[in-house]
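Trainee: Could you take me through one part of this model slowly? I'd like to follow a single piece from start to finish.

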Amino acid sequence: MDAPLIIHSFRPWSDSPRPCWHCSAFRALVHQGSAALCTRGSGPVIRSLPQQGCSAFEREPGVDDEPGWHPTALPPEQSAPLIAAEVRARARTSAAAHR
Ligand code: SF4
């Protein structure tokens with residue numbers, strides 16, 4: 001007998017919104033708002049679905065004082081240098097850790 005396949009996405013804090021832009025590691029909204037530039041070294045530099053945050057979310061104090069506010073996405077000419085700088089910073093950190 002076939003049973004229906006039920007797929008649940010991992011949402012550790014589904015009871016309250018925890019978007020990337022409320023997180024201490026958030027740097028900018030990029031790729032027309034579809035992704036976040038994240039400075040948390042343990043995860044990806046670019047995080048899709050930024051409105052959901054991730055399991056490494058850490059609330060930035062005071063950032064959610066204005067309900068409904070969200071940042072404007074940076075245009076590519078502004079976001080590309082920030083993304084490149086974050087990638088370089090992580091490469092330096094990784095190289096230093098492996099010396
Ligand atoms: S990806 Fe996770 S750690 Fe990075 S800004 Fe979003 S919630 Fe924070």
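What order do the three strands of the open sheet have, and what kind of pairing joins them?

Mentor: Happy to, and keep in mind that this is a predicted model. The three strands make an open sheet with the order 1-2-3, and their pairing is antiparallel. Strand 1 and strand 3 are the edge strands, each pairing on one side only. From one strand to the next, the twist averages 30 degrees.

Let's put that sheet into the whole chain. There are three strands and one helix in total, and reading from the N terminus you meet them as β-β-β-α.

Now look at the first pair. Strand 1 covers residues 26–30 and strand 2 covers 35–38. The two run antiparallel, with four bridges joining them. You can check two of the partners yourself: Phe 26 is matched with Cys 38 in strand 2, while Val 30 is matched with Ala 35. Between the strands of this hairpin sit four residues, and His 31 takes a positive phi near 50 degrees there.

Another residue to find in that loop between strand 1 and strand 2 is Ser 34. Is Ser 34 buried, exposed or partly exposed? Having 20 or more other C-beta atoms within 10 Å would make a residue buried, and 12 or fewer would make it exposed. Ser 34 has 13 such neighbours, so it counts as partly exposed. Along the chain, Ser 34 and Arg 47 are 13 residues apart, and their C-alpha atoms are separated by 8.6 Å.

Arg 47 brings us to the other pair. Strand 3 takes in residues 46–48, and it pairs with strand 2 in the antiparallel sense over three bridges. Here Ala 36 stands opposite Arg 47.

Next, see where the side chains of strand 2 go. In a regular strand, side chains alternate between the two faces of the sheet. In strand 2, Ala 35 and Leu 37 point one way, Ala 36 and Cys 38 point the other way, and all of them are buried. For the chain as a whole, 20% of the 99 residues count as buried.

That leads to the largest nonpolar core, which has 13 residues. Those with the most contacts inside this core are Phe 26, Val 30, Ala 36, Leu 37 and Cys 38. Strand 1 and strand 2 each supply at least two of the core's residues. Leaving aside residues up to four places away in sequence, Phe 26 touches Cys 20, Trp 21, Ala 36 and Cys 38.

Two of those names come back at the ligand. Its shell has 13 residues, and Cys 20 and Cys 38 are among the closest, along with Cys 23, Gly 53 and Cys 54. By type, the shell divides into nine nonpolar, two polar and two charged residues.

Finally, find the helix. Helix 1, residues 76–97, lies across strand 1, strand 2 and strand 3, and it runs at about 135 degrees to strand 1. Taking contacts in the chain with a separation of 6 or more, 60% are between residues 24 or more positions apart.

Notes:
Residues numbered from 1 in each chain as written. Predicted model: local features only at pLDDT ≥ 70, side-chain atom pairs only at ≥ 80, totals over all residues. Near = placed C-beta within 6 Å. Nonpolar A, V, L, I, M, F, W, Y, C, P; charged D, E, K, R; others polar. Contact = placed C-beta atoms within 7 Å. Core = buried A, V, L, I, M, F, W, Y, C linked by C-beta atoms within 7 Å. Pairing = 2+ DSSP bridges. Axes fitted to C-alpha atoms, helices over the stretch in contact; angles between N-to-C directions.
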